[in-house]
Amino acid sequence: MSLVVDVLSGAVRGGTSVMYAGLGETVSEKAGVVNLGTEGCMLVGALAGFATAHATGSPWLGVLAAVVGGAALALVHAVLVVTRGANQFASGLTLLFLALGLTSLYGSDFVGKEINALNPIAIPGLSDIPVLGPVLFDQDALTYLSYLAAPALWYLMARTRPGLLLRTAGERAEVLTVHGYRTTTTRYAAVVAGGALAGIGGAHLSIAYAQSWFENMIVGRGFIAVALVIFASWQPLRVMAGAYLFGAALALSPALQARGVGINQFALDVLPFLVTLLVLAFLGRRTLMNAPDELRRVFDNTATT
Amino acid sequence: MTATTEAPPSPPAPSPEPAAAPRWRGVAEAATRWAVAVLGAVIVFGAILVSKGANPVTVFADAWQATLLNGYAVQQILIKAGPLALGALAVVVPSRAGLVNVGGEGQIIIGAVAAGGLDLALGDTLPGPLMLLVMLVGGLAAGAAWAGIAAAMRLLVSVNEAVTTLLLNYVALDLLLALIYQPWKDPDGSGQPASRPVEEAAKMPVFSGTQVHVGLALVVLAAVGVWAVFRYTAWGFRLQAVGGNPEAARRAGLPVTRLLLSAMLVGGALAGLAGAIHLTGVEYQLRPGFAAQIGYLGFLASWLAKHRPGPVLLASVVLAALAVAGDSLQIDSGLPAATANILAGLILVAVLGWTGTRKKGATS
């Protein structure tokens, strides 16, 4: 029983950073741009957030800095891909490299430092509900915010005019042109907003989840977020569910180890990646039918220059 | 059948000869753009160093001295450039067919794991050279199989290979760690998680008096082979036709699925071979930091060289030099070794943004 609670609350805690990044990637991909640099945006967000929180003492200023940092890195991707027509996968990977180097250079001063972290806040009343209480209502503030983020993003994309423009840029870019909008502007906005969300994801990791900074601390979560968006068929609410699935796979390892179950740690560490691959294998073809048209072009034929 | 309008059949590979008169202007223009791009990257990198309180001139001078003017470091660069170049060729072959293989890192690890596993299993039952051959072939096959997973997912369920190869990198790394922390851990070792060293007789021979091993000859051979395959064989030609326009290739009756699969398998095989060579020629044992980002650097090298085998060798040496310089930075200037990644990243940003042919509004 308590194993279930441990894994589920760990799923929510551990899945939140991936959810933010996945939501960001959804925005970007809906406009027709894949950003493998999401991993890099998370790294930059994690460091910018941690460093700012350390310098100012305010975790929320940290989150703000993470937004700026993630957006700034994504802007480079936007310039390369949207303006210069560079290959999206190559550009994204390049960003990751840049982020790895930059965060390791600037982050070396912050290893082992402490901050005013975002600690879990139990919501009176609600947190006493059996199972659901500790799982959903004994979390940090960024996690509570994420409960709203996914539905809000869904509303924004499905029901508002900016959302419509965004989807059009991803489905049939020429329609935007016909109606006097600029595809480039829309895509820039989407990629940068996506980077900002990924930055928040990184900040959740450094300010709330691990409450510390260390080199290369994202270890693949950004890539998982990219995969997540595919099997969530570009729908924010499914991204949310997928992120918790990832979080559960992540939480299983410490929960089992705390109970003295002797399984090779790395066999458990690999679970999130295996689960992601398996789900992709089973849902891949079906969800790809829902891919934005411009995006499918990117996925189907990635030319060589 | 001119499917490859943007990638002209690769120019004479290893050393780009001075081009004929009509092309001279174009070459000069490209060279200028490259120079500006690299210079821009170096300047930005210098500014970053300044912001960190380091003197860029000293850093560059130190790095220069510690790498290129130092015989030991030059050997380090060469033995690092070898697997890196194979890792880059593992990107080159699929990319000619329009596939993005970001899984070099994982394929290198799996290649090394297979080679190491064969060594552990067979011990000294085989004569040394034969054992070495078995390990190399084993690594090659394992790398191909690992890439085959991503290829199968692309071809059977249309999941993009860039995403799956990336995820498989992490699976490969965890597999390596799981093995060397428990079942394969060297009982006579220092307590560090690492497998026992490769049998002495099965190690790659080195040029006497140096650390440079003969596996590097294999690397050059592979580069020439890849170049020749795309230049002279029907398979290479068809692959590029698929890369240029898969739909046209399909209608022309080419077996697109089989071609894509084979491109990915060959790519994985090259990376797997890189892993086996790195194990038998340099590392001798599997340890946690075994691959050291060689696969990712190979990806950058392939894109820097625009997927041409000759320039890939050059780009690999440059990136290997950067990586070695990064290690020296750590010692001389107290900057983290990963700092060199910034320069590598900046150069590729510049190359992607300012030396490519701009495609109007395209997002391919």
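This tour goes through a predicted model, one selection at a time.

**Start inside: the cavities**

A search of the whole structure finds two cavities of 30 Å³ or more, and the largest cavity is a convenient place to begin. Select Gly116(B), Asp119(B), Leu120(B), Ser195(B), Arg196(B), Val198(B), Leu279(B), Tyr284(B), Gln285(B) and Leu286(B), and you have the lining of the largest cavity on screen, around a space of about 50 Å³. If you colour by residue class, that lining divides into five nonpolar, three polar and two charged residues. Helix H4 of chain B, residues 104–122, gives the most to this lining, with three residues.

Move next to chain A for the second largest cavity, which has a volume of about 30 Å³. Its lining is made of Gly24(A), Glu25(A), Ser28(A), Asn35(A), Thr38(A), Val191(A), Gly194(A) and Gly195(A), and by class these are one nonpolar, six polar and one charged residues. Helix H1 (2–30) and helix H9 (183–209) of chain A each supply at least two residues of the lining.

**A helix with a buried face in chain A**

Stay in chain A and select helix H14, residues 293–300, whose buried residues are Glu294(A), Leu295(A), Val298(A) and Phe299(A). Turn the view until you look down the axis of H14(A): the buried residues fall within an arc of 140 degrees, and they therefore line one face of the helix. The spacing fits a general rule, for an α-helix has 3.6 residues a turn, so residues three or four places apart point the same way.

**Along helix H10 of chain B**

Return to chain B and display helix H10, which spans residues 256–283 and includes Glu283(B). Gly272(B) also has its place in helix H10, and with a relative accessible area of 0% it is buried. Which residues beyond its sequence neighbours is Gly272(B) in contact with? Leaving aside neighbours within four places in sequence, they are Gln107(B), Gly111(B), Gly139(B), Leu140(B) and Gly143(B). Draw a distance between the C-alpha atoms of Gly272(B) and Gly143(B), and it will read 3.8 Å, although these residues are 129 residues apart along the chain.

Then go to Glu283(B), a charged residue that is buried, with a relative accessible area of 17%, which is under the 20% cut-off. Its side chain makes a polar contact with the side chain of Arg287(B), at 2.7 Å. Beyond the neighbours within four places in sequence, Glu283(B) is in contact with His278(B) and Phe290(B).

**Helix H8 and what covers it**

Select helix H8 of chain B, residues 234–244, and pick out its buried residues, Gly236(B), Leu239(B), Gln240(B), Ala241(B), Val242(B) and Gly243(B). What covers these buried residues includes helix H3 (71–96), helix H7 (215–232), helix H9 (246–251) and H10 of chain B, so that helix H10 can be left on display from the previous stop.

**Thr165(B) in helix H6**

Thr165(B) is found in helix H6 of chain B and is buried, at a relative accessible area of 2%. Its side chain reaches the backbone oxygen of Glu161(B) at 2.7 Å. Not counting residues up to four places away in sequence, Thr165(B) touches Val100(B), Asn101(B), Val102(B), Gly103(B), Gln107(B), Ala150(B) and Met264(B).

**Two loop residues with positive phi**

Most residues other than glycine have a negative phi, and the next two selections depart from that pattern. Ser158(B), in the loop between helix H5 (128–157) and helix H6 (161–181) of chain B, has a phi near 55 degrees. His307(B), in the loop between helix H11 (294–304) and H12 of chain B, has a positive phi of about 60 degrees. Is each of them buried or partly exposed? Ser158(B) counts as partly exposed, at 24% relative accessibility, whereas His307(B) counts as buried, at 1%.

**Last stop: where chain B meets chain A**

Finish at Ala338(B), in the loop between helix H12 (309–332) and helix H13 (339–354) of chain B, which is buried with a relative accessible area of 16%. Leaving aside neighbours within four places in sequence, Ala338(B) is in contact with Leu100(A), Gly101(A), Ser104(A) and Glu215(A). For a distance within chain B, compare Ser316(B), 22 residues away along the chain, whose C-alpha atom is separated from that of Ala338(B) by 17 Å.

Notes
Residues are numbered from 1 along each chain as its sequence is written. Chains are lettered from A and ligands numbered from 1 in the order in which they are written. This is a predicted model: local features need pLDDT of at least 70, side-chain atom pairs count only at pLDDT 80 or more; totals for chains, interfaces and linings use all residues. Side-chain values use heavy atoms; hydrogens and water are left out. Buried means under 20% relative accessible area, exposed over 50%, partly exposed in between (1.4 Å probe, protein chains only). Helices (H or I, at least four residues) and strands (E, at least two) are DSSP runs, numbered from the N terminus. The arc is that of the directions from the helix axis to the C-beta atoms. On a 1 Å grid over the protein atoms alone, a cavity is a set of points where a 1.4 Å probe fits but cannot get out, and a pocket is an open set with protein on both sides within 12 Å along at least five of seven lines; lining residues have an atom within 4 Å of a point. Grid points are joined across faces, edges and corners, and a volume is the space filled by probe spheres set on the points. A polar contact is a pair of N or O atoms within 3.5 Å; within protein, one must be able to donate a hydrogen and the other to accept it, and residues adjacent in sequence count only if both atoms are side-chain atoms. Contact means heavy atoms within 4.5 Å.
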